[in-house]
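Here is a short tour of a two-chain model, written for someone who likes to check the coordinates along the way. Please keep the viewer open while you read.

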Amino acid sequence: MVTPDRITTTTCPFCGVGCKLQLHIKDDAIYQVTSPSDAVVNHGNLCVKGRFGTDFIHHRKRVTTPLIRRQPQTPGGRTQAFDRAAWREATWDEALELVTDRLTGIYAKHGPDGLAAFSCAKATNEDNYLLQKLFRALFRTNNIDHCTRLCHAGSVVALMDALGSAAMSNTAAEVALSDVFIVTGSNTAETHPIIALQMKAAVRKRGAKLIVIDPRRIEMVDYAALWLPLRPGTDVPVFSAIAHVIARDGLANNGFIEARTEGYAEFLASLGPFTPEYAESVSGVDRRLIVEAARMYAGAANASIYWALGIPEHTHGTDNAASLIHLALMTGQIGRPGTGLNPLRGQNNVQGASDCGAMPWHYPGYQSVTDEAVAQMFDRAWNVEPGGLNRARGLSTTEIVGAIGATVRGLYVMGENPMMSEPNLNHARHQFEQLEFLVAQDLFMNETAAFADVFLPAASFAEKDGTFTNTDRRVQRVRQAIPLRGNARADWTIVCDLALRIEARLGRPTAGWAYAHPSEVMAEIAQVLPDYAGIRYERLEGEGLQTPVDDTSHPGTPFLFADAFPRGRGLFRPLEYIPAVEPTDETYPLILTTGRVLEHWHGGSITRNSRLDELFPEALMELNPVDAATTGVADGQPVRVSSRRGTITLRAKVTDKTIAGVVFIPFHFVEAAANLLTLDDVDPRAKIPEYKACAVRVEPLQEAARPSKRGRR
Amino acid sequence: MTETVHLTINGLTVETTRGATVLDAAGAIGIDIPTLCYDPRCAPNGLCRMCVVEATGARLLQAACVTRAVEGMTITTESPRITRARRTVLEMLAASTDLSETPDALAQIAETGADIARFAGGRERRPPVVADNPMFVRDYAKCILCWRCVQVCAEDAQYAFAINFDGRGFDTQIATFFGKPLPETTCVFCGQCVGVCPSGALKPLRAWELEHPDGPAA
């Protein structure tokens with residue numbers, strides 16, 4: 001029996017649920033992870049990643065010393081180097097001086113538009129706040145974004161439009177108080193496993209009715225009263241038809257509409273064409289299911305809506321989210337426990353990275369960069385001369401990739417892996433090859449870092465202090481459990497060290513980087529981010545605090561909008577059905593939709609360097625038996641999947657988990673990178689790409705062509 | 001409204017809510033009833049019989065974890081009869097099971113003065129270690145059959161239903177259906193079972209490797 005040297009309580013680094021972890025440490029290594037049964041978020045339950053997946057910290061491929069590329073890289077000739085022989089080890093001083101030289105050089109020549117940064121939803125609030133402060137205060141650019149753009153950007157824009165807020169309205173555990181709840185575009189059992197447990201218990205133990213609206217027969221369908229299997233991209237017609245039935249059958253909450261909303265009359269007029277019959281014709285969902293779903297949702301005492309990336313990851317993602325918001329506004333199913341609009345955030349800290357301003361249009365607290373009063377406030381806060389900060393919106397992630405070579409010359413990537421996660425990877429790769437200078441700050445030499453000039457080895461979540469903000473706005477502590485591995489450093493210390501060098505080189509007055517501990521960074525965040533005004537580390541010791549936290553005695557906010565919306569009245573907005581941008585045709589007859597599996601995380605930097613990879617070692621494409629018959633593919637057979645942008649090879653899994661006409665491929669596997677196939681067309685307002693629908697062709701291959709794991713570095 | 005009931009435990013009057021168990025009611029006034037299988041995360045099942053108490057009007061000892069408090073009930077939690085029952089349970093368990101990593105049982109053996117050699121020479125439960133997946137190891141020689149793992153795999157948490165009791169009587173063991181390896185079952189490797197295991201029967205593979213540096217699990 002192993003006795004731990006110590007047990008450190010911290011927050012899980014995987015998904016947005018934010019489970020409490022106890023790391024059991026022996027000889028500075030984690031050998032067991034437990035969770036206390038009184039943990040408010042997860043009640044001691046964990047998923048496979050939190051309980052068994054933290055071994056990536058100790059993986060032999062972890063890079064723990066600064067590296068510099070031996071071969072100088074040039075725009076157009078930039079290459080990927082996974083082999084350590086292509087790199088030489090450097091001191092931190094040398095690596096950071098080189099980064100300072102090159103970034104300030106590009107800045108001198110090309111100005112603020114020449115630089116951009118990818119911040120990181122895996123890193124802490126403090127890490128994110130500091131990186132955006134560096135690029136804004138020193139390089140005067142708003143070209144900073146992170147994977148929220150590829151995630152819930154459409155939901156955020158729609159929620160900001162309609163309510164003036166950009167987060168879950170309620171606490172996930174309140175599903176226990178819902179009589180009816182809708183889950184749409186969320187494979188909750190695999191992507192938010194602990195919230196799924198609470199949903200299952202709500203159904204099985206308390207008799208709540210679940211409505212699943214999703215093109216896949218996901219596990220939650222086993223618990224559902226209704227399943228509406230819609231074709232990818234037909235969300236607006238389906239939800240608008242539900243709204244149509246609610247209005248038609250007199251199920252709308254007129255008192256709520258009158259007291260709390262605006263724009264209803266115009267919206268109501270726009271619902272005319274969205275009959276259940278019309279919705280059935282475009283979505284494939286039986287009209288009777290639409291009617292039944294409308295009656296069930298509107299007729300409930302308390303009904304809530306949960307959604308994930310199946311809603312926003314479309315070129316009309318903002319409209320999709322708006323069509324959900326309308327349902328809550330017209331029935332008054334918001335502002336009480338067990339109701340609400342609940343976008344389940346993917347990353348452990350995507351809410352926090354967004355809150356802390358790692359976005360091109362917003363300072364911390366969703367305060368617009370184009371608002372002069374806001375900009376002046378940040379001029380003062382960061383010791384910048386009046387008018388010094390950039391007043392123009394910066395570029396989003398996909399726009400940054402598109403602008404490489406045209407305006408963007410130098411890129412700083414903290415902890416993200418766009419060479420796996422950006423859409424249309426062949427194009428993205430071509431763009432990355434045009435960079436003049438690339439810095440990667442990461443744990444592993446992933447597909448993006450391999451393109452870099454300089455690799456800065458960062459600390460894992462278990463090697464640093466900080467905070468994460470989970471999907472229901474709970475700010476929780478991250479605590480250092482083990483010493484920094486090798487020469488790795490915490491992200492916040494890397495950013496501060498670099499910032500001091502850059503501001504000295506640029507001759508700027510200091511913006512303030514002398515923090516002894518992340519708690520001091522949080523104290524600064526509290527001064528500029530109103531929702532975090534009352535957050536101090538000493539207040540986060542137990543279960544954390546849910547934002548908004550208005551002052552240092554405020555208890556936090558479990559659910560929002562009891563009396564009013566931040567923008568005043570909830571806003572209805574008439575919608576039109578805009579089909580997916582790439583329709584199927586004879587050459588590309590199937591719709592590809594992408595997503596995650598339980599055992600893996602996004603671009604795979606972490607989970608493919610873990611024992612989790614033994615549990616799910618190979619990409620599999622889900623194919624309906626009907627399409628398997630048409631394409632002549634047997635279960636387990638290798639297939640070639642092609643879109644207009646690329647081709648991959650992987651094995652097929654014949655299953656009715658996906659509906660006929662739709663195939664599903666997870667995006668974690670470099671050997672068969674789903675994003676070689678996806679589209680880089682984006683939602684016009686949220687700039688989120690259409691990951692959830694593009695046209696593909698599937699062809700059977702012989703066994704010899706099967707993808708080999710040896711291809712992986 | 002929640003209804004209250006009154007009962008007497010070891011001569012003390014306790015008020016509790018209808019539906020509460022004797023174990024809950026005793027805990028509320030600081031009376032410690034020993035348990036082995038009980039875990040607040042799981043629905044109690046009264047399997048281990050360590051928490052037995054005397055209840056007036058009841059012929060047999062009652063398991064406090066599943067006995068509901070009712071109005072006027074009188075409970076005794078310590079008596080020679082109770083101690084003998086607990087001791088015998090521990091002596092039989094010690095004879096058949098490796099209790100080296102069940103601290104609650106070891107503490108109760110010391111507390112009750114159980115003679116762990118009393119049934120020495122009887123059959124021991126020593127099934128082989130099961131290491132059929134990359135996440136955790138199952139060493140059922142250490143299993144005290146508390147059923148917590150089965151419950152958290154089912155309705156008490158995960159709704160995966162990958163494991164259950166297999167066999168009857170002495171040969172009862174936790175197993176997958178048809179004895180399949182875990183990766184071929186509905187198991188999702190959440191490890192809720194590992195989290196509630198009180199006896200070291202379920203362990204993360206990494207912890208197992210630290211204990212057995214000379215080789216992988218069998």
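How many Å separate the centres of domain 1 of chain B and domain 2 of chain B, taken over C-alpha atoms? In this predicted model, the two centres are 20 Å apart. The contact between them draws 10 residues from domain 1 of chain B and eight residues from domain 2 of chain B. On the domain 1 side, seven of the residues are nonpolar and three are charged, with no polar ones.

**Chain B as a whole**

Let's step back to the whole chain. The domain assignment splits chain B into domain 1 (4-78), domain 2 (81-112) and domain 3 (136-211). Its secondary structure consists of six helices and nine strands. Along the principal axes, the C-alpha atoms of chain B occupy a box of roughly 55 × 45 × 30 Å. Chain B has 218 residues, of which 39% count as buried. If you look at contacts in chain B between residues at least 6 apart in sequence, 60% of them join residues at least 24 apart.

**Where the chains meet**

Chain B puts 21 residues in contact with 24 residues of chain A. On the chain B side, the elements that give two or more residues are helix H5 (192-196) and helix H6 (205-211). H6(B) gives the most, with four residues. By class, this side of chain B comprises 11 nonpolar, five polar and five charged residues.

**The domains of chain A**

Chain A has its own domain assignment: domain 1 (6-58), domain 2 (67-143 + 359-533), domain 3 (153-343) and domain 4 (590-711). Between domain 1 of chain A and domain 4 of chain A, the C-alpha centres are 30 Å apart. Eight residues from domain 1 of chain A and nine residues from domain 4 of chain A make up the contact. The domain 1 side of this contact holds five nonpolar residues, one polar residue and two charged residues.

**Two helices of chain A**

Two helices deserve a visit, and their lengths make a handy check on geometry.

| Helix | Residues | Expected span at 1.5 Å a residue | Distance between end C-alpha atoms |
|---|---|---|---|
| H2(A) | 92-110 (19 residues) | 27 Å | 26 Å |
| H3(A) | 125-138 (14 residues) | 20 Å | 20 Å |

For H2(A), the end-to-end distance agrees with the expected span, and the values for H3(A) agree too.

Which residues of H2(A) are buried? They are Ala95(A), Leu96(A), Val99(A), Thr100(A), Leu103(A), Thr104(A) and Tyr107(A). These residues cover an arc of only 145 degrees around the axis, so they sit on the same side of H2(A). On the other side of H2(A), Ala108(A) and Lys109(A) are exposed. The cover over the buried residues of H2(A) includes strands E4 (67-69), E6 (115-118), E16 (410-414), E17 (437-442) and E18 (454-457), along with helix H18 (491-506), of chain A. After H2(A) comes Gly111(A), with a positive phi near 75 degrees.

In H3(A), 14 of the 14 residues are buried, so this helix is largely enclosed by the rest of the structure. Arg140(A) follows H3(A) and has a positive phi, near 55 degrees.

Methods:
Residues numbered from 1 in each chain as written. Chains lettered and ligands numbered in written order. Predicted model: local features only at pLDDT ≥ 70, side-chain atom pairs only at ≥ 80, totals over all residues. Contact = placed C-beta atoms within 7 Å. Nonpolar A, V, L, I, M, F, W, Y, C, P; charged D, E, K, R; others polar. Buried ≥ 20, exposed ≤ 12 C-beta atoms within 10 Å, placed from the backbone. Expected span 1.5 Å × (residues − 1). Arc of directions from axis to C-beta. Domains from an automatic or database assignment.
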